[in-house]
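User: I am new to this structure and would like to learn how to read a single residue in its setting. Could you take me through one case step by step?

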Amino acid sequence: MNNKLKIGIGDPKSSDLFNELPEDKYFSQKLDHFDSTDETTWRQRYWVNTAIYEKGKTAFLMINGEAEASAKWSVSGQWTEYAKSYNAACFLLEHRFYGKSRPTKDVSTENLKYLSSEQALADIAYFITEMKKDYETGPWIVFGGSYAGSLAAWARLKYPHLIAGAVSSSGPLLAKVDFSEYFEVVSDSLSSYSEQCPHSIREADAQLSIMMESEAGKKELSREFRLCNSLTTQISLADIQSFYENLAGNFADVVQYNKDNRESPSGNITIPVVCDIMNGDTSNKSDPAWRRYAAVNKLMLDATMQPCLSYTYEEYLEKMKKTDWDSASANGRQWMYQTCTEFGFYQTSSKQSDLFGSHFPISFFTEQCHDIFGPRFDVNLLDAAVSRTNIIYGEKNIFVERVAFVYGKIDPWHALGITSDFGHAYNTYLIPDAAHCADMYPSSVNDSVSLKNVRLEVNRLIGLWLSNKGPTTYIWFMYYEDYPRLFLANSLPVAKLFEQKLDHFDGDNPNTWKQKYFVENQYYENGGPVYLLLGNKRLQNARMMKQGYWQSHGKEKKAMLFYISHRYYDFYQPVETAEKDDLIYLNTKQALEDFAAFIRAKNKEHEFPEGTKWIVFGSSFAGYLAAWLRTKYPDLVYGAIASSAPVLAQMDCPEYLNNVGEVLAKHNKKCQNDIAQANSDLDKLVQTPNGRKDIEKMFKFVIKRYSEVISMLMKQKKHKCLHTNFYTYSEELKEKETSFMAFVYGKFWLYQQCYELGWFLTSPKKSNTFSKNVDLDYFLNLCSEIFEPSLGKNHIEAAVAKTNQIYGGLKLNTPRTVFVNGETDPWRFAQITTNKENKNVDVITIKGGSHSSDFLHADSKQKEMKDAIKEITKKLDTWLK
C-alpha cells in the first residue's frame with residue numbers, strides 16, 4: 001500500500017551542477033524549544049552554498065519538508081537563480097525527524113511528541129540566528145514547497161524580526177481533516193485536457209464495483225491489476241478501501257506533479273498520457289473501461305519498477321508500526337504522525353458522485369491514526385489538533401506581510417491555500433497551467449508564459465523586500481484597489497525596462513533611470529497602428545494589457561500595444577531619495593518628454609513604416625497627459641483619448657466637494673441630509689475640549705452612522721487609524737526618505753500639487769453637505785511644512801497659472817482629441833465638457849458615469865456605457881481609415 005498522504009517535492013532534474021555538491025554539515029539544535037529546563041540537543045543536517053555570496057549580503061534559506069533533504073537543492077532550483085540577482089548565500093535545512101536529522105534514538109510514538117511544525121519553526125529561528133553570526137549575513141529570505149511552503153509562510157509570521165520575506169510554493173494553509181476537495185480538483189484538472197476523461201474513470205470504477213461482487217471478477221481484477229495478494233483471498237473492508245485508494249492515487253500522482261521539471265521515474269506520465277489511455281486513444285478502444293484503468297496501473301508500476309501492487313491494510317500497518325529509522329523513513333511514519341496530530345489532509349472519496357465513488361471515506365484514514373499510534377489517537381484528538389493548528393497559524397485568514405503565495409491551478413493542494421484574495425500585505429499567484437511546486441524547479445524550455453511571468457514577479461518582489469520597499473499594510477489597497485484582488489498570471493506580458501534620461505532638458509546631466517513598460521505584439525500586423533496607454537499616479541498593473549476597449553479595439557485593428565509607467569509612480573524610481581533636490585525632476589514637462597522619447601525609440605526599434613499612427617490613451621491624471629502629449633507632440637501622436645481628464649490646473653477647488661454633495665442629493669436626499677447633519681454636529685463638537693473628547697469616543701445618533709461609514713472604509717483599506725493630526729501627518733511625510741515609500745504615502749503627488757497643479761479639494765464656502773473647516777490654508781501649510789517654508793500662496797498661484805499658460809487649460813483645442821467624461825464625476829469643473837468653444841476636439845459624456853468609468857467599467861452592460869464605448873471606437877475607426 002502506498003502512502004498517498006505524502007505531499008512533498010521531488011529532486012530537481014539532473015544537472016552538471018550535481019558533480020560537486022556541498023558537504024553535509026550539522027548544527028546543534030535543542031530537542032524541545034518550549035521546555036527551558038530540557039537542555040537535550042541533537043544534530044540537525046544542513047548544507048550551505050556560498051559560491052556567489054558576498055559578505056554582508058542576503059541569505060536564502062530553503063526549508064525542507066516531510067522527506068529526506070537532497071543536497072541537489074542547495075545548488076539547483078529557481079531559488080538559486082534568484083540568489084544570483086542578490087549575491088545571496090544559499091542554506092538548505094533538513095526538517096527534524098526526516099532524513100539524517102534524527103533527534104531521538106528511534107521514531108516511537110513517545111519520541112514523536114517532539115515532531116511538530118512549531119518545533120520545526122523554532123529550529124529555523126535558532127538556525128538563522130546562529131548562521132547570521134557565523135556568515136555575517138544581511139537579511140534572510142525563506143523558501144519552501146508543499147508542507148515546507150506552509151512552514152515558510154508561518155516562519156515569516158512567527159519570526160518577522162529574523163525573516164525579511166518568504167516565498168511559499170503550493171503551501172496548504174488550511175488544516176482540514178476531510179480533504180474531499182482534493183479529488184474534485186483532480187477531476188477538474190483531468191477535464192481541462194479531456195472532458196471525457198473523468199467519465200471514463202467513473203465508468204471504470206462502476207465496472208470494478210460490479211466485478212468485485214463475484215469470485216471470477218475478483219480473480220480477473222487481481223491478474224489485470226497485478227496485485228501482490230489476490231482479491232479472492234479473505235480480505236477485509238479496509239483492504240478493499242485500500243485497493244480503491246491506491247488506484248485513485250495513480251491519477252492523483254499524475255495530476256499533482258503534471259509536467260513538473262523534477263527528477264522522477266514517472267515524470268513523463270502526464271495528464272494527456274493517462275487520459276488518452278482511459279479514452280481509448282492510445283489503447284484498445286474496444287476494451288472495457290476497467291481494462292484501460294488497469295493499463296494505467298501497469299504503466300505506473302512499470303515506471304516505478306514495482307513487480308506488483310501491495311494494497312492489503314495489514315501489510316501497510318506492519319510497515320507503518322516499525323520504529324527504526326530506516327524503515328520509518330521509507331514508509332512515511334513521521335508524516336502520518338503529523339497528519340494525525342496537526343493537519344489531517346486526508347484525501348477522501350466519500351460520495352457515489354465523486355470521481356472515485358464512495359470507496360475510501362474519512363473513517364478509512366482516521367482509523368489508521370489509532371491503528372498505528374495507539375487508541376489515544378482517535379477522531380476527537382484529531383479534530384482538536386486540526387482546530388488548534390488553524391488557530392495558531394490563522395489558516396486562510398493569516399495576517400502576514402511580505403510573503404508570496406504561489407500555487408498551480410492544476411495542483412489539488414491549491415484548494416487549501418489563498419487563491420481568491422490578495423489580502424493586504426502579501427501577494428498571491430495562481431498559475432493556471434501549473435502543478436505542485438512548479439515554480440520551484442529549474443527552468444525548462446517547456447515552461448509556460450504564465451510560469452515564467454510569476455518567477456519574474458517573485459524575483460522582483462524579493463528585491464523590494466530586501467530594499468525595504470516591499471508592500472506594507474496598505475500599499476496594495478491604496479494602489480491596487482481598482483483591480484481584481486487575484487493575480488491570475490495567464491499569458492500576461494512580462495515587464496520590460498526602457499532607459500530614460502533623468503533630465504531631458506539638461507544636456508550636461510548624464511544620469512539615466514529604468515522606466516517600466518509592457519508590450520503586446522501578438523496582434524500586430526505590419527502597417528497597423530500603435531496604441532500607447534499612459535501610466536497614472538499609481539502602480540502599473542499588467543492586467544490593463546488584457547482588458548478595456550483600448551485593448552479590444554487594438555486587437556481588432558491589428559495594433560501593437562504599449563503600456564508605460566509614469567516617472568516616480570512605480571517600483572522603478574528615477575532617484576534614490578525623496579529629498580526636495582531629487583524631486584525637481586518630477587513634473588509634467590519631464591513626463592511628457594519621457595513618453596515622446598519612448599515613442600521615438602520604439603519607432604526606430606520596430607522599424608514602423610513612415611506614417612504609422614500612434615494613439616495615446618489615459619484616464620484621470622493620465623487623461624490630461626494624453627491630451628497634452630497630443631498637443632505638444634503632434635508629429636509623434638496622431639490622436640488621443642482622454643478619459644476624465646482635469647485639464648484645468650486650479651489651486652483652490654471647492655467645486656469638487658460641492659459636486660459630490662449635488663450628486664448625493666440627487667441620488668438620495670436623505671443620505672445627503674444625514675451627512676450634512678453629521679458634519680454640522682462635528683463642527684460644533686470640535687470647538688470645545690469636551691466635544692473633541694466626545695469625537696474620540698463612540699459617536700452617537702446621526703454622527704454614529706457617519707463614523708460607521710468611515711470605519712467601514714478604513715477596514716476595507718486596512719488602515720489601522722485615520723490621520724486627524726496635521727503635524728503627525730506632515731512629519732510622517734517628511735520622514736519618508738526613500739523614494740518608493742514617498743510614493744506610497746502620497747508625497748510625490750503632493751509635490752506636483754504644490755509646485756504645478758494645485759487641485760486642493762477645499763470645503764465649499766456655502767456647502768450644504770460638508771464641513772466648511774477644510775480651507776485652503778490647510779493645504780498651503782502642508783506644502784510649506786513638508787517642502788520649504790517659503791512656498792506660499794503666491795508661489796503656488798504662479799505655478800498653477802504657468803501650467804495653464806503652457807498647456808492651455810480649458811482652451812485646449814487640438815484636433816483628434818476625444819474627452820470622455822462621466823456625468824456624475826466631481827472633477828467636471830476642470831474638464832472640457834463641451835466643444836462649443838473647442839471646435840476641434842470631441843466630447844463624449846457618459847450619462848450616469850463616474851470618474852474614469854469608461855476605463856474601470858468598460859465591460860458594463862449598461863446601455864449608457866455601451867453607447868459611449870461605441871462612440872469612442874467609432875472615432876478611432878475614423879482616425880484609422
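Analyst: Aspartate 825 lies in the loop between strand 22 (817-822) and strand 23 (842-846), where strands are DSSP runs of E with at least two residues, helices are runs of H or I with at least four, and both are numbered from the N terminus. This is a predicted model, in which local features need pLDDT of at least 70, side-chain atom pairs count only at pLDDT 80 or more, and totals for chains, interfaces and linings use all residues. Residues are numbered from 1 along each chain as its sequence is written, and side-chain values use heavy atoms, with hydrogens and water left out.

User: Is aspartate 825 buried or exposed, and which side chain of opposite charge is nearest?

Analyst: Buried means under 20% relative accessible area, exposed over 50%, and partly exposed in between, with a 1.4 Å probe and protein chains only. A salt bridge needs a side-chain nitrogen of Lys or Arg within 4 Å of a carboxyl oxygen of Asp or Glu; Lys and Arg count as positive, Asp and Glu as negative, and His and the chain ends are not counted. Aspartate 825 is buried but has no salt bridge, the nearest side chain of opposite charge being arginine 828, 6.7 Å away.

User: Which residues is aspartate 825 in contact with?

Analyst: Contact means heavy atoms within 4.5 Å. Apart from neighbours within four places in sequence, aspartate 825 is in contact with Ser644, Gln831, Gly849, Ser850 and His851.

User: How is burial spread over helix 27 and the chain?

Analyst: In helix 27 (residues 747-757), ten of the eleven residues are buried, among them Trp749 and Glu756. Of the 881 residues of the chain, 58% count as buried, and the chain has 31 helices and 23 strands.
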